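Visitor: I am new to this structure and would rather understand one small part well than skim the whole. Could you pick a single spot, take a close look at it, and then lead me outward from there?

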Amino acid sequence: MKLFSADWSIRRRLVQIILMISIPTVVVVAIIALSSYSTTLRSESEDAFVNSNQVFANALDGQLQTAVVTTRNFAAALAGQPVAPLSQAWQMASNMLSEKNTPIRRINVYGMSASGHQSVIFNAPYPPTRVATVQQYINNDLPADTWFLQALNDGTERWHAQALPFDPSSTQPVVSYAVPYQGPGKAYMGIVWVDVAEVTLSRMMDKTIVSKDAGGYSLLFDEQSTLAGSHDFYSSMPEADSSSTLASFLSKPDISRLWTDAQANQGTFYLGADPFESDKQSIVLINRLPQTGWRLVTILPSTVLQNPLNQSIVEMALVTALGMTLLSWIVYRFITRTVSRPLETLGTAAQQIGGGDLRYGIAYQDQKDEIGRLAHAMEDMKRHLSYSYQQLSMWSQTLEKRVGQRTEELALAQKVAQANANELQAVYDASLAIVNDYRLDAVLQQLTHSLLGLLDANYCAVWLLTASKQHLQLVATTGDPSRLNRIIGADEGLAGAATRETRLLIVEDYAHWPQHLDELSDTGVQKGMAAPLLFYNKPIGAVLVGRGEDAQGFNKPDERLLLLFANLVSPIVRNAQLYIQREAATEEAERANSVKTRFLASVTHELRTPLNLIINNLDFMRIGMFGNVTGEQKSRLDQTIRSSEHLLSLINDLLDVSKIEAGEMELTIIPADLRPVLEDALDSAVMLIEAKGAPITLEAHIPEDLPLVPMDARRVRQVLTNLLTNAVKFTPFGSISLRLLMSNEVIEMVVTDTGIGISPDEMKNLFQPFERADRAKSMSIEGTGLGLSIAKHLVEAHGGKLMVESEVGKGSSFAFTLPLPQELSNMRIVTKPLPMPTGED
């Protein structure tokens with residue numbers, strides 16, 4: 001959110017900033033001042049209200065004392081007389097009741113005598129007469145609890161409020177004050193009391209209490225907390241509802257405490273719920289009438305406290321608004337005169353100078369403030385611009401000349417770059433022609449013809465080092481073909497020199513060059529250039545080009561082209577050489593392997609026949625067919641037969657390997673019963689365990705309903721026997737188990753042992769022919785390293801898979817699968833050749 005519009009002037013922005021800072025500051029200060037002032041003002045207002053109400057109470061008390069004095073004077077006049085003379089009392093009462101502004105409505109006298117009692121009532125005269133009316137009652141019946149009789153008996157003065165007068169003809173409530181008087185014997189023989197009508201008392205309060213606050217009213221209570229009079233009370237509250245509400249209000253603990261605390265000339269203040277409207281806040285003022293002892297209660301709206309504060313707030317707001325307006329005007333005028341107008345003038349000057357009018361005058365340079373410094377800076381800028389324009393004019397002329405020169409240089413450089421690009425394109429196109437060809441003669445032929453076109457030469461030849469690195473052989477030439485394959489020393493001729501020094505050489509007069517080879521020189525070559533062919537920074541030969549006598553000599557671009565082309569084709573030539581060598585080596589290896597395989601197959605076949613005969617004859621001798629044999633002879637014969645059988649097994653493995661390598665092993669796969677195969681393999685394992693004499697248990701888990709399995713039964717027996725035999729060999733003690741698992745697609749045979757296990761390093765070469773683990777050799781376990789490789793080949797030839805899991809020290813688990821096709825048929829399979837170990841990882 002932006003505080004200022006981009007179109008506002010600096011003057012307007014500064015005024016806005018000052019107002020944004022000043023107004024919150026003034027408001028905060030005003031709030032702090034008002035917070036402090038409001039507390040003081042409220043306290044002063046409370047005291048003012050209490051004092052004002054005390055003044056009203058004192059004035060009202062003075063008027064009530066008029067009735068007290070009148071009553072006392074009347075009683076004093078009757079005191080000491082045996083019987084009050086009616087005429088004297090009548091005259092006195094008429095005078096008192098006729099006094100101006102007297103609040104007394106009537107004077108009552110009650111007296112006792114030996115013959116009984118009498119009561120006399122003097123009512124105020126009706127103007128214009130000044131004679132009071134008289135009513136006399138003799139020995140009338142009076143209740144014992146009549147209030148003035150109680151005062152007579154007690155001999156005390158007292159007030160009595162809110163009662164009907166003694167005069168039966170009047171029904172208006174009055175407030176009475178009674179004074180007993182004594183007879184001749186100092187005994188109280190009568191009492192005088194005056195009646196002040198409640199209406200009169202209310203008029204007295206109306207005249208005394210002057211309240212300008214709408215909604216306020218006053219109540220006058222006697223010493224017995226009886227309502228004696230009111231001011232503007234019944235105008236806001238019906239009389240029938242006021243008595244109970246007023247009694248409830250006076251019984252509140254806070255009001256009772258304030259009632260007691262109200263002393264003479266000192267009132268109390270209370271702010272709380274209105275006694276008659278509990279949802280409205282009111283001010284309650286309680287002041288004591290000093291002489292009468294009554295209490296004046298004034299109730300005002302709580303808003304009268306807020307009025308002075310509101311007035312102060314309004315006054316402060318007006319003063320603040322006027323101050324801010326005056327400040328804004330002063331700041332506006334000051335900024336206009338000192339900042340805005342000078343900046344506008346200087347801005348106009350800057351526009352004129354920027355437009356090129358360097359003669360425009362800069363004003364305000366005589367001022368010493370920031371505007372003056374800015375004007376001086378603009379004057380300096382004008383002088384510098386004038387000087388710069390002169391320099392630019394001079395430089396522009398010089399620049400035009402340099403641009404012309406640079407344009408010519410760029411044109412020349414473009415021609416050179418284009419020539420280089422053409423050369424590179426030519427080298428690239430020529431290299432593409434030979435990069436994908438591995439035939440050395442074709443590569444060399446293409447190389448020589450490409451160089452003729454690239455270098456505009458009439459002769460090109462390629463010389464390569466022989467295997468002994470002592471001679472160079474001419475392998476390609478554009479000259480006389482009869483010279484191909486000629487041999488020279490590795491340091492002879494221009495090609496030999498370039499090969500020896502591994503750098504490009506140029507001979508301008510080749511015919512008279514000291515190392516010139518006459519018998520190998522082509523006629524017409526006068527200028528020669530040779531570059532070495534390097535492969536991994538080692539020379540493998542050289543390429544030589546030549547031009548005639550009339551041709552131009554070789555220059556730097558020709559040198560770059562020949563070196564670039566030589567570097568590009570050197571790996572190609574070397575790769576072609578290596579390709580030829582590899583092809584020759586491969587043919588030789590295949591021929592040697594074929595001879596070895598035929599020899600191995602022939603020898604193993606020739607060895608197996610006599611060996612079978614030897615084993616049979618030894619077995620006949622062992623069982624005594626040629627005569628009796630001793631126990632020692634039989635033991636020796638058993639050892640010989642076992643060694644012969646082991647040798648026969650080795651020969652059979654060699655024969656199988658040779659057949660697999662030659663691709664001549666045939667499998668006859670027919671549906672066959674698997675159970676005999678399993679039993680034969682298990683029997684062989686049992687015999688090995690017995691011969692070994694180790695604590696090994698053999699378990700077999702074979703389902704009862706075995707299906708016919710398409711297989712070469714003899715080869716499957718060979719695989720299973722090999723796995724069980726290996727398990728027995730590599731298990732010093734523990735258990736070996738054979739489990740068969742079947743699904744709709746395959747049958748799986750798993751051989752598990754608790755032997756020594758196979759390490760991850762041994763696992764890498766586990767199925768390689770003639771590979772045996774080092775631990776097997778160190779433990780003197782017999783074997784050739786052919787069994788597992790043959791087993792894997794046979795399983796895969798059946799379309800299955802041979803798998804192994806092992807952990808050193810815990811044993812191994814070998815499993816192989818045989819597929820179960822949906823349709824059984826007889827098949828004859830010739831296996832693929834077995835890959836032999838190459839000695840490489």
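Guide: Leaving aside residues up to four places away in sequence, Q150 touches D145 and R158, where a contact means heavy atoms within 4.5 Å. This is a predicted model, in which local features need pLDDT of at least 70 and side-chain atom pairs count only at pLDDT 80 or more, while totals for chains, interfaces and linings use all residues. Residues are numbered from 1 along each chain as its sequence is written, and side-chain values use heavy atoms, with hydrogens and water left out.

Q150 has its place in helix α3, which covers residues 147-154; helices (H or I, at least four residues) and strands (E, at least two) are DSSP runs numbered from the N terminus. Q150 counts as partly exposed because its relative accessibility is 33%, given that buried means under 20% relative accessible area, exposed over 50%, and partly exposed in between (1.4 Å probe, protein chains only). The buried residues of α3, by contrast, are W147, F148, L149, A151 and L152. After α3 comes G155, which has a positive phi near 70 degrees.

From this helix we can step out to the chain. The protein chain has 17 helices and 25 strands, and 40% of its 841 residues count as buried. Among its contacts with a separation of 6 or more, 62% are between residues 24 or more positions apart. Its accessible surface comes to about 47200 Å², 55% of it belonging to carbon and sulfur atoms; such areas come from the Shrake-Rupley method with a 1.4 Å probe, and for residues only the protein chains shown count as cover.

Charged side chains are the next thing to follow. The structure holds 10 salt bridges, each a side-chain nitrogen of Lys or Arg within 4 Å of a carboxyl oxygen of Asp or Glu. One of them lies in helix α17 (residues 787-797), where K792 and E796 are 4 residues apart and therefore separated by about one helical turn. Their side chains meet at 2.6 Å, N to O, and both partners are partly exposed, K792 because it has 26% relative accessibility and E796 because it has 42%. Elsewhere, R500, E501 and R503 are joined into one network by salt bridges that share partners. Within it, the closest N and O atoms of R503 and E501 are 2.7 Å apart; R503 is partly exposed, with a relative accessible area of 45%, and E501 is partly exposed as well, at 32%.

A further salt bridge joins the side chains of E559 and K556 at 3.8 Å, N to O. These two are 3 residues apart in helix α11, which means that about one helical turn separates them, and K556 is exposed, its relative accessible area being 56%.

The loop between β17 (538-547) and α11 (556-622) holds E549, which counts as exposed because its relative accessibility is 62%. E549 helps to form a negative surface patch together with E508, D509 and D550. Patches are made of residues with over 30% relative accessible area and no salt bridge, like charges being joined within 9 Å; Asp and Glu count as negative, and the place of a charge is taken as CG of Asp or CD of Glu.

Key
Patches are made of residues with over 30% relative accessible area and no salt bridge: like charges are joined within 9 Å, nonpolar side chains (Val, Leu, Ile, Met, Phe, Trp, Tyr) within 5 Å.
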